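Student: I should like to request a close look at a single part of this molecule. Please take the subject of salt bridges, and connect the answer to the chain as a whole.

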Amino acid sequence: MTKTKKIILAVAVVIIIALLVVAKLTGGAMGTSFACPDGCNEGWVECSDCICEVCEAKAEAMPTCEECGGDGHYSDCYTCRDTFKVHCDTCGGEASVTGSLWALLPPIIAIGLALITKEVYSSLFVGIVSGAILYSDFSFTGTVDAVISDGLISAVMDTAGVFIFLVELGIVVALINRAGGSAAFGRWAQKHIKTRVGAQLATFALGVLIFVDDYFNCLTVGSVMRPVTDSKRVSRSKLAYIIDATAAPICMIAPISSWAAAVSSHVEEGQGLTYFIKAIPFNFYSLLTIVFVVGIILMKFDYGPMKLHEFNAIEHGDLYTVGDKNEVSEDIASTAKNSILDLILPVVILIASCIGALIYVGYQTDGVTNLIDAFANTDATVGLPWGGLIALVLIIAYLLVRRCLNFKDTMACVPQGFIAMVPAILILTFATALKNMTSALGAKYYIGDLMSNSAEALGLFLPAIIFLVACVLAFATGTSWGTFGILIPIVTAIFEGNPELLVIGMSACLAGAVCGDHCSPISDTTIMSSAGGQCNHLNHVSTQIPYAVTVAVISFVMFIIAGALSAVLGFAVNAVVSLAIGIVLTVGTLLVIKLITRKKAN
């Protein structure tokens, strides 16, 4: 580390300590209080986690406020007045909670340190500890307990299914490599995919085709296309970007996906999928990201940090540029017996098994009678491990029958696949623990209250503001699902009675959630994309952000335009006109950036 970086790091440490002290002196991140239904206690919001142990209903209003004489009550169960608020871990029995800006401090610390030190593990851990300090009110034993119990242990419990799927996928990749499937595919690709543009477009196309789940997309596309892009000297950072750009953005506009199911669960019963489909034409970030990726590939230029990575890959064969090579040594066989079928068939088995498992898990929910409902009620953290295990057994059997591997070789791939996924598992554990700390500090209550209080004044500009708020929240917390889970109920309440603006507002919420998730170094999808491309994580983050921010700025403008047009155009016409304007702006922006970068180069 250079002297300058050491000084910057020392200053950052001092600032972190000062901010924590200020947070302590100003009352911390989250408080609790009774809330008045008539709004006499501004800033305090209903605790959405409270559930009555008698009627199992969530609160629709607050208890009667003696100060203003409000007539709030708990649902329709009057027993709730006495028993409801006692049994809530979030608000401690006070029935309502409030968050403050301090709730966002831990993720800001983690992200800032990661960008300064280029070291993600320690940065995430410092963020977790900072959150635990605030959560425990500077208690030493409370801080340790929060880090271990509420942070790390809870993170492992919440993501255990994802960990299992990661390991299963790592083993499948190791099996394919050792059996020679990757080598055979590489030989085929060298004959049929002649250019760098072709390799990138093939990666993009495969990412679009695997739209069922973002985790599955990231790791499968990376595993299949990495040998091809390596042979055409596409940098690992560019590969990771293409993977990331076709993961969450594609899933967010695919009606049959785990993301559609998650969004549907936050909308009033029976309307989830309907609103999701209506929101697709206005999901500018996802749609324009597709235009952006194809455009920048076909125009054959890059800008920002990505330009250096691509230059080094093309001119020097250096696929990494800076940072450790996030790649585990792979035993890749290459013999005449190898067939491209040894890669294609395992991938098809994996895809079919995972889709089948997701549907099966969805059908286990009471009341599910059709395919759409099954997808809407499935749980990817359960379905993907199911599908992965079934696929793993079938793939091993296939390779043994084909005599590509013997039993000893197949078992040797088990620890090899696990080792390959250790970095992703560690980062995901720490990132999830940081999200847990942020949630415990009441970030969602702060954002929700901020949005509710600003709705009336912002008018037709509200969709654009919702987009920005969702971007910031998803970037800081690293979770798009958590972001739209917080904001969709608020958006629904704000636009009640205005169905067209409701759809645009929901689109803005979903688009902002994807955008913030796309940029955030602590996002699980970003982490998975780094793992899929076997790219240094911070390299992926630093090279991707300029591209994501470019599309985000265009999307922000488009939500202003769409909000304004909603007052003069019909829903369908507004969707077509707005999307057309967005596409023109995206292509035009790329042409201008290309012209500027070319002038700078000269």
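**Salt bridges between distant parts of the chain**

Tutor: Let us begin with contacts between residues at least 6 apart in sequence: in this chain, 78% of them join residues at least 24 apart. The model is a predicted one, and its chain has 602 residues, of which 54% count as buried. Its secondary structure comes to 25 helices and three strands. The accessible surface is about 24,900 Å², and carbon and sulfur atoms account for 65% of that area.

Now to the part you asked about. The count of salt bridges comes to six. Among them is the pair of Arg196 and Glu310, whose closest N and O atoms are 2.5 Å apart. This pair links distant parts of the chain, for Arg196 lies in helix α7 (residues 196–209) and Glu310 in helix α14 (residues 305–316), with their positions 114 residues apart in sequence. The two partners may also be described by their accessibility. Arg196 has a relative accessibility of 22% and therefore counts as partly exposed, since buried means under 20%. Glu310, at 3%, falls under that cut-off and so counts as buried.

A further salt bridge joins Lys238 to Asp302, with 3.0 Å between the closest N and O atoms. Lys238 belongs to helix α9 (residues 236–245), whereas Asp302 is in the loop between α13 (284–298) and α14, so this pair ties together parts that are 64 residues apart in sequence. Here both Lys238 and Asp302 are buried. The two pairs described thus far should be considered together: Arg196, Lys238, Asp302 and Glu310 are linked in a network of salt bridges.

Another salt bridge brings together the side chains of Arg402 and Asp342, at 2.8 Å from N to O. These residues also come from distant parts of the chain: Arg402 is in the loop between α17 (380–401) and α18, Asp342 is in helix α15 (residues 341–363), and they are 60 residues apart. Arg402 has a relative accessible area of 28%, which means that it is partly exposed. Asp342 counts as buried because its relative accessibility is 0%.

For context, let us consider two residues that join distant positions through contacts. Leu428 is placed in helix α18 (residues 407–440). With a relative accessibility of 1%, Leu428 counts as buried. Beyond its neighbours within four places in sequence, Leu428 is in contact with Val162, Phe163, Leu166, Asp524, Ile527 and Met528. One of these, Ile527, is 99 residues from Leu428 in sequence, yet the C-alpha atoms of the two are 7.0 Å apart in space.

The other residue is Thr550, found in helix α24 (residues 537–565). Thr550 has a relative accessibility of 13%, so it also counts as buried. Its side chain reaches the backbone oxygen of Pro546 at 2.7 Å. When residues up to four places away in sequence are not counted, Thr550 touches Phe292, Tyr303, Thr589 and Ile593.

To return to your request, the pair Arg196 and Glu310 links helix α7 with helix α14, and the pair Arg402 and Asp342 links the loop between α17 and α18 with helix α15.

Conventions:
Residues numbered from 1 in each chain as written. Predicted model: local features only at pLDDT ≥ 70, side-chain atom pairs only at ≥ 80, totals over all residues. Heavy atoms only, no water. Helix = DSSP H or I, 4+ residues; strand = E, 2+ residues; numbered from the N terminus. Buried < 20%, exposed > 50% of the residue type's maximum accessible area, 1.4 Å probe, protein only. Contact = heavy atoms within 4.5 Å. Polar contact = N/O pair within 3.5 Å; in protein donor to acceptor, adjacent residues only side chain to side chain. Salt bridge = Lys/Arg side-chain N within 4 Å of Asp/Glu carboxyl O. Areas by Shrake-Rupley, 256 points an atom, 1.4 Å probe, with all protein chains shown as cover.
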